[in-house]
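Open the model in your viewer and keep the selection panel handy. We will go from stop to stop, with something to pick at each one.

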Amino acid sequence: MNEVKTFRLDGVDIEFSEGDTIMDAALRAGAYIPHLCHNPEFTPHGSCRVCIVEVNGGQVSACTQPAAAGLEVDNASDAIVEERRNLLQMLFVEGNHMCPGCEKSGACQLQAVAYYTGMLSPHYTHFFPQRSVDASHPDTAIDFNRCILCELCVRASRDVDHKNVFSLRGRGIDTQLTINSPSGKLGDSTFAATDKAAHVCPVGAILPKHRGYEQPIGNRLYDRQPISVVGDVAAYEPGNKGDGHD
Amino acid sequence: MSSNLETAANPEKLERIVIEPLTRVEGHGKVTLLQDENLHIRQARLHIVEFRGFEKFIQGRPYWELPVLVQRLCGICPVSHHLAAAKATDMLVGATQLTPTAEKIRRLMHYGQTLQSHALHFFHLCSPDLLFGFDDEVRHRNIIGVIEDHPEIAKQGVLLRKYGQEVIRLTAGKRIHGTGAIPGGVNKSLNREEIDYLQKDIEQMVQWGQDAVELIKRIFFEQLDYHMAFASIDSNMMSMIGANGEFDIYHGGLRAKDADGSTIFDHVDYTGYRDYIREGVKNWSYMKFPFIESLGAEHGWYRVGPLARVNNCDYFSTPLAEQQRKLFMEAGHGRPVHASLAFHWARLIELLYCTEAIRELLLDPDISGTELVNKGALQACGIGVLEAPRGTLFHHYEIDDDGIVNKANLIVSTTNNNQAMNESIRQVSNNYLDGKQLTEPLLNQIEVAIRAYDPCLSCATHAMGKMPLEITLLNEKQEVVDRLEKRVTGEIQRTL
């Protein structure tokens with residue numbers, strides 16, 4: 001009989017299997033660690049840093065840190081929550097995230113995580129970067145104002161669709177999502193609305209065209225319960241576990 | 001038709017009195033008066049001092065965002081912008097006819113917002129002037145004074161507004177800035193529980209609507225000659241009317257009548273509005289000056305809003321409002337009623353109509369339907385027009401092949417009344433201020449004239465009567481000779 005291995009997350013024993021990250025084990029156990037660039041369907045990325053936890057006195061990203069027996073993981077200390085909030089505030093100000101007019105509002109993972117962490121305002125000065133909307137594709141639009149560079153679309157297009165439609169270019173604060181096509185436009189790429197990459201965006205950056213606001217306020221994904229209960233946006237995309245939510 | 005107080009000769013030699021900010025109106029504006037050494041008013045102007053830029057920054061956005069995005073123009077009647085934009089996007093998505101459920105849910109939303117907006121304007125903002133007099137002590141002349149002296153009237157005003165807000169919440173998702181109307185229809189209908197909730201209080205609302213009309217009639221007839229004359233100007237009037245000439249604030253053609261009530265144009269398809277309406281600009285205001293093209297800028301300016309709508313329509317489809325309309329029209333003795341203060345009277349008849357129309361719709365099974373959206377082929381141009389609480393509202397968008405907005409033109413209700421409001425304050429200046437040492441009660445008469453139009457000067461969050469106010473008197477050398485300051489506490493002090 002194999003010995004059950006556990007680590008402690010906020011004082012609760014969490015079982016894990018060989019090869020699990022802290023995030024894998026926590027999600028399986030129903031313990032919520034806030035995250036944006038992580039999607040269990042893809043190789044962990046560790047770039048958004050929202051899932052930082054404190055392990056034995058140091059900070060690590062839960063989505064990339066292998067679980068190990070006896071770890072003491074702190075996911076909810078004031079310092080961790082404050083740091084997450086700062087990260088989220090920086091994400092909000094470096095893009096143009098105008099929730100009041102956004103069709104993703106109420107079903108946006110960035111907004112939901114911000115609510116969960118108690119973010120009351122952006123705090124920092126807005127960058128208001130000049131970004132555009134690429135609506136050249138007949139079925140899907142990309143609003144670069146809302147991109148948080150999580151690379152989920154990059155990973156989905158590369159690893160599942162095998163098209164490599166998306167990548168990041170530039171460095172540091174100038175990093176941006178780019179389209180692999182002769183004109184740089186989505187309409188000139190091999191992208192299709194049925195691609196996996198069309199259904200993994202945690203924010204309102206990649207969206208179906210000619211639709212929006214179809215779910216009444218009150219029925220949107222995070223209107224009734226917080227993200228810690230509801231789970232990720234991508235899980236409710238067609239074909240996934242939560243497909244068909246009201 | 002314009003008065004001679006728009007531009008004074010040698011303004012540098014005149015004393016300048018500024019009313020800034022205007023209080024108990026929506027948004028921010030100011031009035032400047034130029035007075036000569038004999039205290040004669042030589043120039044009176046209403047200035048709109050805000051710049052919004054919506055027409056510019058929605059360029060580059062997808063068309064399906066418009067109903068939700070553009071409604072942020074206003075915090076008082078955002079449903080107007082929500083629905084006007086939705087109507088424009090209906091045209092963009094080729095929805096030539098909405099489903100009965102979609103149209104009736106939108107109408108319900110619109111009646112709810114007109115009810116709440118009219119209640120807010122009359123009871124919260126204007127009833128202090130009308131109940132206590134224009135020269136009542138300033139610290140008493142506000143909604144708190146109404147609550148203290150007329151608690152039942154104040155309560156009815158608050159609850160009428162609340163009811164309208166509840167209608168909006170249930171049709172649009174929330175009371176302010178909802179998402180109910182989408183291109184080609186709506187995203188929800190009403191369930192039985194929601195209908196029962198609204199039906200529970202509707203009879204009371206209809207009764208209070210009748211009481212409100214009786215109240216304004218009592219006030220109006222107590223000093224009929226004065227109220228008919230104050231800020232009264234002869235003008236053209238424009239509004240939307242239904243196919244049979246009936247009062248309709250959601251959909252119909254455009255009708256314009258001249259000061260004598262003769263038709264200028266009628267049943268005009270609003271998508272052709274540019275053939276009938278032009279917009280002029282003046283170098284002293286950020287707000288444009290629309291006019292009826294066939295009459296030219298000098299004679300073609302017009303009024304919109306409740307006064308124009310009640311004057312222009314042939315009848316109301318609901319019995320109580322129609323009964324009141326007939327009584328209202330008698331006051332014109334065969335001509336349209338031009339008294340600016342009759343805006344209040346007309347507004348409350350409309351409030352009554354909204355309660356009746358909501359009552360009718362709540363009995364209509366279509367509001368529980370499941371057919372919510374209609375769409376056809378995408379079009380390049382979308383124009384949506386309706387009657388907002390403050391008047392005719394135009395939304396015009398053009399999109400590219402990808403569905404991105406590349407052109408937008410909005411003529412908001414208050415803009416239509418720009419020249420008329422200026423004319424009204426000039427009439428007040430000539431008749432009530434000219435030759436007098438200006439005092440707060442006298443200056444309030446200017447504000448009373450403007451308030452009658454219920455302007456939404458910025459289409460933003462609204463300001464109550466406790467806003468600070470500073471009146472500075474300059475001599476011909478631009479030296480400050482006097483300064484009155486109204487604190488947020490209501491206290492007025494001479495601060496020079």
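**Stop 1: a well-connected valine.** This is a predicted model. Start by selecting B:Val167, and leave out residues up to four places away in sequence: it touches B:Leu108, B:Met109, B:Tyr111, B:Gly112, B:Leu198 and B:Ile358. Now add B:Leu348, B:Ile349, B:Leu386 and B:Ile425 to the selection. Together with B:Val167, these touch the most other members of the largest nonpolar core, which has 139 residues. Where does this core lie with respect to domain 1 and domain 2 of chain B? Colour domain 1 (11-49 + 421-494) and domain 2 (54-416) of chain B to see: both give residues to the core, so it lies between them.

A second, separate core has 65 residues. To find it, select A:Cys48, A:Ala62, A:Leu110 and A:Leu177, which are among its members. Keep A:Leu177 in mind, as we will come back to it.

**Stop 2: where the chains meet.** Show both chains and look at their contacts: 19 residues of chain B are in contact with 18 residues of chain A. Coloured by class, the chain B side of this contact shows 6 nonpolar, 7 polar and 6 charged residues.

**Stop 3: chain A as a whole.** Hide chain B and switch to a cartoon. Chain A has 5 helices and 10 strands. With a radius of gyration of 18 Å, close to the 18 Å that the globule rule gives for 246 residues, chain A is as compact as a globular protein of that length. Along the principal axes, its C-alpha atoms fill a box of roughly 55 × 40 × 40 Å. Of the 246 residues of chain A, 42% count as buried.

Next, colour domain 1 (5-76) and domain 2 (86-236) of chain A. Their centres, taken over C-alpha atoms, are 24 Å apart. Across the boundary, 12 residues of domain 1 of chain A are in contact with 19 residues of domain 2 of chain A. The domain 1 side of that contact has 7 nonpolar, 4 polar and 1 charged residues.

**Stop 4: a loop residue.** Select A:Ala69, in the loop between strand S4 (58-61) and strand S5 (72-74) of chain A. Is A:Ala69 buried or exposed? A:Ala69 is exposed, with 10 other C-beta atoms within 10 Å. Draw a C-alpha to C-alpha distance from A:Ala69 to A:Phe7: they are 5.1 Å apart in space, though 62 residues apart in sequence. Leaving aside neighbours within four places in sequence, A:Ala69 is in contact with A:Lys5, A:Thr6 and A:Phe7.

**Stop 5: a hairpin with two faces.** Select strand S8 (residues 166-169) of chain A together with S9(A), its antiparallel partner over 4 bridges. The two strands form a hairpin with 6 residues between them, and A:Gly170 in the turn has a positive phi of about 85°. Show side chains for A:Phe166 and A:Ile179, which stand opposite each other. Along strand S9 (residues 176-179) of chain A, A:Leu177 and A:Ile179 point to one face and are buried, while A:Gln176 and A:Thr178 point to the other and are not. This A:Leu177 is the one included in the second core.

**Stop 6: a three-strand sheet.** Finish with the open antiparallel sheet of chain A, ordered S6-S7-S10. Strand S6 (133-134) and strand S10 (206-208) are the edges, each pairing on one side only. Strand S7 (residues 140-143) is joined to S10(A) by 3 bridges, and A:Ile142 has A:Ile206 as its bridge partner there.

Conventions. Residues are numbered from 1 along each chain as its sequence is written. Chains are lettered from A and ligands numbered from 1 in the order in which they are written. This is a predicted model: local features need pLDDT of at least 70, side-chain atom pairs count only at pLDDT 80 or more; totals for chains, interfaces and linings use all residues. Domain bounds come from an automatic or database domain assignment. Two residues are in contact if their C-beta atoms, placed from the backbone, lie within 7 Å. Ala, Val, Leu, Ile, Met, Phe, Trp, Tyr, Cys and Pro count as nonpolar, Asp, Glu, Lys and Arg as charged, and the others, Gly among them, as polar. The radius of gyration is taken over C-alpha atoms; the globule rule is 2.2 Å times the number of residues to the power 0.38. A residue is buried if 20 or more other C-beta atoms lie within 10 Å of its own, exposed if 12 or fewer, and partly exposed in between; C-beta atoms are placed from the backbone. Two strands pair if DSSP finds at least two bridges between them. A nonpolar core is a set of buried Ala, Val, Leu, Ile, Met, Phe, Trp, Tyr and Cys residues joined through C-beta atoms within 7 Å.
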